[in-house]
Each structure stands twice: as C-alpha cells, then as structure tokens.
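Let's take a walk through this protein together, starting with its empty spaces and ending with its rings and its core. Keep the viewer open as you read.

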Amino acid sequence: MPIGNTLGLPRGARAERLAPFVLVAPAVLIIVALRLWPLVLGVNFSFTGDGERNGTPVGLDNYAELLADPLFRTALGNVGLLVLLLPVAVAIPGLLATFIYLRVPGHRFFRSVYFFPAVLSPVIVGAIFNLMLGYDGPLNTALTLIGLGPIDWLGDPGLAKFTVIGVHVWATFGMALVVFLAGFSTLDAALLDAAKIDGASLPRIIWHVIIPGLSRTIQFVVVTTMIGMLTSMFGLLYIMTSGGPEGSTYLPEFYVWMQQGQMNRPALASAASTVLFLIMLVVGIAQVALLRRAGSED
C-alpha cells in the first residue's frame, strides 16, 4: 500500500505500515550520502579540466584523451581478459566447495586451508609471491632442476598479467568458497540422494543438480568476483609489478591511482573512474541476464 494511503488507517496499523520505510531510511541515506552523491560529483568533475584549465568545463576532452592513451587501452584490454578468465575464477571455489560439501576425506581441514589466504593483506600476498616467483626464486630453482629452465613470471609482458591474476584468484577464492558452502545449505539433499541412487556420475550431478540448485548463489559469486577483480587488485599490482613490465599489467583502478596520485590529474582520473563504473555496471547486468536465462532454460 502506498504511503499516502496509510493516512486513513488506524494509528497502530499506520505505524506498522510505515515501520519498514523507517527502518530502511538510515541505510538509504548513508548510501546516498557516501556512495551515490560522490559518484555524481565524480562524474561531473570528469567533464572539467586539469592544470591551467582546472575547474573549466572541457566537455568530452578527458574521455577522448583516455581513448588515445595506450596505457588506458591496455587497461581496458586487461579488463576483457578478466572477463574471459572469470569462469575459471568462479569454477575453482565452486568445485572445491562441492568436494567439501560431499565430505571428501579431510574436508574440515581443507575448508580452513582454502579460506586462510582471504585473511591475508594483499601487500603480504604480493610480497610472498614476489619472493617465490622471482627469477632467482625457489620456483624457478625447482624448475631448473627438472630441466624446464627459469621463467620470468613477472618480467615477461605476456606472462605477468596472468601471474598477477592467478595470485589474486588464489588469495580471494576463499570468500567465494564460503558463499558457495552457504548456498549448499539451501540445496535439496533429496535431489542429490536420488541422483546417486540413479547412478549419476559426479560431473552429471554437478551439471544437472548442483548448478541449477545454486543458480542464485552462482549469480552472486560471479558479480562479486568480477567487481573484486576490477576494484581490488591494486595492492597486488602495486607490490608485484607496479603496472609493468611495459604497462602490461595496468588495470583501470591502477590507472586512476597513477593519474590522481602521481600525475596530479584528478579530472582525468575521474573520467577513468567513470569508465570503470560503467564497465562494472554493463558487465554485471550482462552476467546476471545470461545466468538468469541459463537458469530458466534448465
């Protein structure tokens, strides 16, 4: 019932109708004040100039400069790579959560081990893997002993981006694992038992029972994982590669920091932030739409 129609109700009923709106109001005000309003200001600031043109309206000049910047184009290309690798980043915690749910031997131990990296700071994770993946590090030493030779994990432009993404997935999949385990608590165990009695193999159980039953959980993990990959890799990038080699590991958030913190170009950084927001919005909506369509077909 609309709020205006509550005026004709008894006082107690009117208060009951208004209670949800009163309870939600503080959260809505916080979101508007701390999220939406700064977003609007940032978008507006992206249409102004830097330096001598500070505060002067410049139209789409900042966006045109972004598209002409090879580093920003590289960052956008790496966003495309993240989208392509997203199924892997979601499948890893999903499969591990499945094994834990099916109570493989040592499942309690594995649950703790898998979640442990999620509590580590990205700076710590980056420092650890810098030591492990260094050209003279222990991993290359082991590879040399078996005749595979040293690999420049962080110095090869074609390999460094995959290395950083792999480390990020390792460091963050524990949280997605917990979400999947929570989703399993809503799964109908009778369907799993029926599938086992019918002799269904594990891949068939996963494809025909678990994935349809966890469709909403998968949607949530896909969207949050993608957002995390786009907005939470700065610490690893800064420690492991600092955007190098040759700018090959740039992502939009690292580009924003470089323009704002190093180049003192806040308007251009605001334009890059706006582009990043639009990318997350479009990718998130597209992913949810695809997952809903797949769920309805099942």
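How many cavities of 30 Å³ or more does the structure hold? There is 1. Before we look inside, please note that this is a predicted model, in which local features need pLDDT of at least 70 and side-chain atom pairs count only at pLDDT 80 or more, while totals for chains, interfaces and linings use all residues. Residues are numbered from 1 along each chain as its sequence is written, and side-chain values use heavy atoms, with hydrogens and water left out.

Rolling a probe the size of a water molecule over the atoms shows where empty space is left. On a 1 Å grid over the protein atoms alone, a cavity is a set of points where a 1.4 Å probe fits but cannot get out, whereas a pocket is an open set with protein on both sides within 12 Å along at least five of seven lines; lining residues have an atom within 4 Å of a point. Points are joined across faces, edges and corners, and a volume is the space filled by probe spheres set on them.

The largest cavity has a volume of about 60 Å³. Its lining includes Asn-78, Leu-82, Lys-161 and Tyr-250, and divides into 7 nonpolar, 2 polar and 1 charged residues. Here Ala, Val, Leu, Ile, Met, Phe, Trp, Tyr, Cys and Pro count as nonpolar, Asp, Glu, Lys and Arg as charged, and the others, Gly among them, as polar. Helix H7 gives the most to this lining, with 3 residues; helices (H or I, at least four residues) are DSSP runs numbered from the N terminus.

H7 turns up again at the second largest pocket, which holds about 450 Å³ of space. Of the 22 residues that line this pocket, those closest to its centre include His-168, Thr-172 and Phe-173. H7 gives the most here too, with 8 residues, and the lining comprises 15 nonpolar, 7 polar and no charged residues.

Now follow Phe-173 to its ring partner. The structure holds 14 aromatic pairs (rings of Phe, Tyr and Trp, the last by its six-membered ring, with centres within 6.5 Å; planes under 30 degrees apart are stacked, over 60 edge-to-face and the rest tilted). The rings of Tyr-114 and Phe-173 have centres 6.0 Å apart and planes at 55°, so this pair is tilted. Because Tyr-114 lies in helix H4 (residues 107-115) and Phe-173 in helix H7 (residues 157-184), the pair ties together parts that are 59 residues apart in sequence. Phe-173 is buried, with a relative accessible area of 10%; buried means under 20%, exposed over 50% and partly exposed in between (1.4 Å probe, protein chains only).

Phe-254 and Trp-257 form another tilted pair, 5.7 Å centre to centre with 45° between the planes. They sit 3 residues apart in helix H12 (residues 252-262), so about one helical turn separates them. Phe-254 is buried at 1%, whereas Trp-257 is partly exposed at 28%. Ring pairs link both into a cluster with Phe-72, Phe-234, Tyr-238, Tyr-250 and Tyr-255.

Finally, the core. The largest nonpolar core (buried Ala, Val, Leu, Ile, Met, Phe, Trp, Tyr and Cys residues joined through side-chain atoms within 4.5 Å) has 62 residues, and Leu-66, Leu-82 and Ile-210 touch the most other members. Leaving aside neighbours within four places in sequence, Leu-66 is in contact (heavy atoms within 4.5 Å) with residues including Phe-72 and Tyr-255.

Definitions and conventions: Helix = DSSP H or I, 4+ residues; strand = E, 2+ residues; numbered from the N terminus.
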